[in-house]
Amino acid sequence: MNSLIIGTAGHIDHGKTSLIKALNGFDGDSLDAEKERGITINLSFSNIKNGDENISFIDVPGHENLVKTMISGAFSFDLALFVVAADDGIMPQSIEHLIVLSILGVKNIIVAITKCDKVDFSRQNEVLEQTKQELIKHNLNMLNSFFVSIKDNSGIGELKNYFFNLKAKKRNENDVFRYYIDRVFNIKGIGTIVTGSVLGGCVKVGEKILNCELNKEIGVRSIQIHDSNVLVATSSTRAALNLNTSNILGISKGQLLSKKGYFRGFNEIDAIVYADELKHNDVIGFCVGSKQINAKVAILSDEKYKFATFKFPKPMFLMFNEAFVILKNARVIGGGNVLNPINEPMKKPNKISLLLALKDKNFKKAFEILKKAHKNGFGLIGSYQRFALSHEEAISIAKTLSNAFVDEVALNVYDESAKFQIIEFIKFIISKNKYAMFSATSISLKLNWASVALSQLAINELENIGIITKNDGIYTKTGIDISELKAKLTEQIYSILDSENLTPQAPYNIYDSLEIDRASGDNALKILTKQGRVVRLAHNLFITKKHLQTALLNLKQIIKDDGYANVQNVKDKLGLSRKFAIAYLEILDSENDIIKIENNRIFKKNL
């Protein structure tokens, strides 16, 4: 289905709702309060269809006190139907709506001069010319203009036909599903319904989507587009989603629905702002999608461009270049575009340089700034949210950087200095312990910022200059006898387990203390268990055989003294944690003279 979302804009009582009704028969003023007052209070949604062509309408209120509602509707417009009454001409809310459209990047405008039955042709043209001048002033593009009247239906047919000749905007296949909830309700026997406009990507029946604010995945049971059941809803469509939950608690207007793994929430973002009245430390209304929230402003720069940090009381799930509107005292004072949708702690000069690069979509320069700022690497896993780029696009740009290592698997970009940090770390390890054994994986575990691929790069360099040697997949200091080292390692691990009696530490802690990699440690434990010197009690729980025998004797003594042994009395009498008490009791269960009755172990002879 080829779809477009067209939204109305214009001053109160200029005939927006009546024009939509003349086009498709839909009465947007459905509430009693709306009918009584003769104005649209809520957003209303309708459509017209012609074969595979679907035009969705969002009718917004024109009253000055309902500007927030108008803004929430305008976010999903592909283009706007700007309505101006021929008798009134351009009025205050006409201009405010044009400001909002310009801020949100809704640049293409269809002009409808309404109530043409009330004035002569000269006045109609005068109002059209006045409207054109306002569009130019706000950097908006007039696609076409129509003189209409709902009294005699003049111009209505021409306008309707024009809509069907419009081309749907080309969809970006890399777009991720994004959808701001504008209504939520429950229908008995059906469940939770949310409505909104698909801003990007698509959503399909049967798949799971993420409510970002609740961090909860929810299944999509069914989808409707203007009362028609469909299997998929793509961008530029109004869609009602029947969610696979009977509980609407927590689901509310303004929340973002998307796919898991693409958006993280942050309490601070950086943006370019177009608002002369905006001052440092102002508290303003921040409007994005159907969400409206207060934010505190920190002006970063007010020279050629105004850059600002917005601080929110709760995490916001915004993305690069997303438009927003700023309200002050409930009036529109401007807006802007998100440049850095994550909380990026940087010194002010560096941040301004970053924002300048992002403003120009000079991602190579932005990546270079981030590479230098993050000596331990910066990630590309959030490239869609952060730069509106796919992983492939982000990697391609990163590969053009100088003095950089791009880990395509871990999606990290490192400055070359990161490799030298790892080299120095390995040198430190083998200087402290000449018998140290390690691998790229073990180094990556110790330096949690270093990927396995980067660690291997550093290891290769040390191997090439003869400082370390590879033996059976493990690296050691050059000159160390690996067979002797393995035997020594096996005895070291046994000695540590033996010294810790009934409560030995987990193997990975032993490996860390010995500066060895996990594979080498696991091999040593396998040798010890095969020799029968060490017994595995449970996952990551090993004990020497002689201490296990002591533990079993102690448990049997508890049964002699108390008549039974269970988790509680074993913990109390032997001073063990629950984990060890359970492990020893499970070994005790295999003894021929013991039987388990409920949670207690007793001697069979006592039955």
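Student: Strands are DSSP runs of E with at least two residues, helices are runs of H or I with at least four, and both are numbered from the N terminus. Which strands form a hairpin with three residues between them?

Tutor: E7 and E8 do. A note on the source: this is a predicted model, in which local features need pLDDT of at least 70 and side-chain atom pairs count only at pLDDT 80 or more, while totals for chains, interfaces and linings use all residues. Residues are numbered from 1 along each chain as its sequence is written, and side-chain values use heavy atoms, leaving out hydrogens and water.

Student: Thanks! Which residue in the turn has a positive phi?

Tutor: That is Gly189, at about 85 degrees.

Student: And how many bridges pair E7 with E8?

Tutor: Nine, in the antiparallel sense, between E7 (residues 178–187) and E8 (residues 191–200). Strands count as paired if DSSP finds at least two bridges between them. Phe185 stands opposite Ile193 in E8. E7 is also joined by two bridges to the antiparallel E15 (residues 256–258), where Tyr180 stands opposite Leu256.

Student: Does that pair turn up elsewhere? What lines the second largest cavity?

Tutor: Tyr180 and Leu256 are among the lining residues, along with Glu213, Lys291 and Phe317. Its volume is about 60 Å³, taken as the space filled by probe spheres set on grid points joined across faces, edges and corners. A cavity is a set of points on a 1 Å grid over the protein atoms alone where a 1.4 Å probe fits but cannot get out, and lining residues have an atom within 4 Å of a point.

Student: How many cavities of 30 Å³ or more are there?

Tutor: Two.

Student: New topic: how many disulfides does a search of the whole structure find?

Tutor: Zero, taking a disulfide as a pair of cysteine sulfur atoms within 2.5 Å. For Cys212, the nearest cysteine sulfur is that of Cys202, 16 Å away.

Student: Is Cys212 buried or exposed?

Tutor: Cys212 is buried, at 4% relative accessible area; the cut-offs are under 20% for buried and over 50% for exposed, with partly exposed in between (1.4 Å probe, protein chains only). Cys116 is buried too, at 7%.

Student: Last one: what is the order of the open sheet of three strands?

Tutor: The order is E22-E24-E23, with antiparallel pairing. E22 (378–379) and E23 (404–407) are at the edges with a single partner strand each, so one side of each has no neighbour in the sheet. Four bridges pair E23 with E24 (residues 412–415), and Phe405 stands opposite Tyr414 in E24.

Methods: On a 1 Å grid over the protein atoms alone, a cavity is a set of points where a 1.4 Å probe fits but cannot get out, and a pocket is an open set with protein on both sides within 12 Å along at least five of seven lines; lining residues have an atom within 4 Å of a point.
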